[in-house]
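Reader: I am in my first year and still learning how to read a model like this one. Could you take one part of it, look at it closely, and explain each term as you go?

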Amino acid sequence: MLKSMTGFGNATVEAGGLAVTAEIKTLNSKFLDIYCRMPRQFSDKEIELRALLTQQLERGKVELSLNLARTSAVRPGVTINRPLVQAYVSDLKETANTMLMSIPDSDVLQLALQQPNAYLTESADPTDDASDWATVQAAVHEALRRCDAFRKQDGAVLESKFQEYIQIITDRLAAIEEQDVRRIPAVRDRMRNSVKELLDSETFDQNRFEQELVYYVEKFDISEEKVRLKNHLSYFLEVLATEEANGKKLNFISQEIGREINTIGSKANDAAIQRLVVQMKDELEKIKEQTMNVI
């Protein structure tokens with residue numbers, strides 16, 4: 001089954017008073033390019049997340065966004081050192097009274113809060129961090145699952161398109177085979193007239209004649225190219241139906257298809273076949289463009 005490199009998945013998981021929303025977007029890219037937007041408290045987990053994304057998504061431009069929101073009452077991570085602040089306030093008031101100055105209580109408190117060690121930073125609880133990280137992992141895994149489902153769905157559409165394009169090329173090849181039957185008599189008549197002119201010439205050279213004959217036969221014959229093109233088209237469909245199907249392999253086969261189409265166009269020397277070749281090239285370009293979006 002084909003997978004597109006275009007995908008989207010998001011999920012929200014709530015647990016332990018924490019709601020985590022994970023959003024994953026993927027676009028086509030030649031290589032795997034990952035960008036993570038996540039809270040600073042989990043910056044040390046970025047490598048772990050990148051490893052998970054690499055394993056699951058394989059190729060493409062990937063953007064992961066994490067948003068956290070507390071759903072229950074929480075204690076602040078920074079608190080006021082009340083005993084010390086009270087000591088600062090008392091000292092500031094005594095200093096103001098000694099200097100016969102009157103300072104509003106709000107100003108005194110503001111000055112006290114600006115003094116050293118007026119705030120206490122509480123250490124994070126390792127148990128809470130582990131619980132929060134488990135919630136983040138659950139959200140990311142669900143977002144990945146949905147993104148993968150999106151890619152498979154888009155890949156199924158691409159597979160249908162590939163089959164359509166290959167069928168059109170096959171139909172044009174059948175039309176070329178029909179036209180080739182009518183082209184051969186015309187080529188034979190031109191060769192016969194050319195041979196007649198050579199035989200009537202006083203400077204007729206038997207060796208030169210044989211060389212020219214071989215040259216024209218090889219130049220106008222497209223039998224081998226038609227057979228090879230059929231094989232390449234069949235192989236493309238065979239690979240498309242297997243688990244081994246991927247963008248790079250399909251692109252390689254499409255290049256081989258293009259070589260045979262170009263050779264048929266250059267050797268046919270027939271206006272009707274040239275028009276069919278142009279139509280085949282148009283469908284082939286669609287195939288090449290779409291293979292760039294397949295993993």
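Author: **Helix α6 and what surrounds it**

The protein has 8 helices and 6 strands, where helices (H or I, at least four residues) and strands (E, at least two) are DSSP runs numbered from the N terminus. Starting at the N terminus, the elements follow one another as β-β-β-α-β-β-α-α-β-α-α-α-α-α. The model is a predicted one, in which local features need pLDDT of at least 70 and side-chain atom pairs count only at pLDDT 80 or more, while totals for chains, interfaces and linings use all residues. Residues are numbered from 1 along each chain as its sequence is written, and side-chain values use heavy atoms, with hydrogens and water left out.

Two totals for the protein come before the close look. Of its 295 residues, 33% count as buried, a word that stands for under 20% relative accessible area, with exposed for over 50% and partly exposed for what lies in between (1.4 Å probe, protein chains only). If we take the contacts (heavy atoms within 4.5 Å) whose partners have a separation of 6 or more, 81% of them join residues 24 or more positions apart.

The part I have chosen is helix α6, residues 223-240, together with helix α7, residues 247-268; their axes come within 9 Å and cross at roughly 160°. Here an axis is a line fitted to C-alpha atoms, for helices over the stretch in contact, and the angle, which runs from 0 to 180 degrees, is taken between N-to-C directions. The crossing angle makes α6 roughly antiparallel to α7, since angles over 145 degrees are given that name, those under 35 count as roughly parallel, 65 to 115 as roughly perpendicular and the rest as oblique. The crossing of α6 with α7 is left-handed, which means that the near helix is turned anticlockwise from the far one by less than a right angle, a clockwise turn being right-handed.

On the α6 side, the residues that make this contact include L229, H232, L233 and F236, and on the α7 side they include I253, I257, I261 and I264. Taken together, the residues of the contact divide into 11 nonpolar, 2 polar and 7 charged, where Ala, Val, Leu, Ile, Met, Phe, Trp, Tyr, Cys and Pro count as nonpolar, Asp, Glu, Lys and Arg as charged, and the others, Gly among them, as polar.

L229, which lies in helix α6, is a good residue on which to pause. It is buried, with a relative accessible area of 0%, and, leaving out residues up to four places away in sequence, L229 touches L173, I257, E260, I261, I264 and M280. The C-alpha atoms of L229 and G258 are 8.7 Å apart in space, although 29 residues separate them in sequence.

F236 brings in another helix, and here rings need a word of their own. A pair of aromatic rings is described by the distance of the centres and the angle of the planes. Rings of Phe, Tyr and Trp (its six-membered ring) pair if their centres lie within 6.5 Å, and planes under 30 degrees apart count as stacked, over 60 as edge-to-face and the rest as tilted. By this rule there are 2 aromatic pairs. In one, the rings of F42 and W133 have centres 5.6 Å apart and planes at 40°, so this pair is tilted. The other joins F162 and F236, edge-to-face, with 5.7 Å from centre to centre and 70° between the planes. This pair links distant parts of the chain, F162 being in helix α4 and F236 in helix α6, 74 residues apart, and both F162 and F236 are buried.

Finally, we can follow α7 onward to helix α8, residues 271-291, with which α7 packs at an angle of about 165°, the axes being 10 Å apart. That angle makes α7 roughly antiparallel to α8, and the crossing of α7 and α8 is left-handed. Among the residues that meet are L250, I257, I261 and I264 in α7, and V277, M280 and L284 in α8. The residues of the contact of α7 with α8 divide into 10 nonpolar, 8 polar and 2 charged. I257, I261 and I264 thus appear in the α7 contact with α6 and again in the contact with α8, while M280 of α8 is one of the residues that L229 touches.
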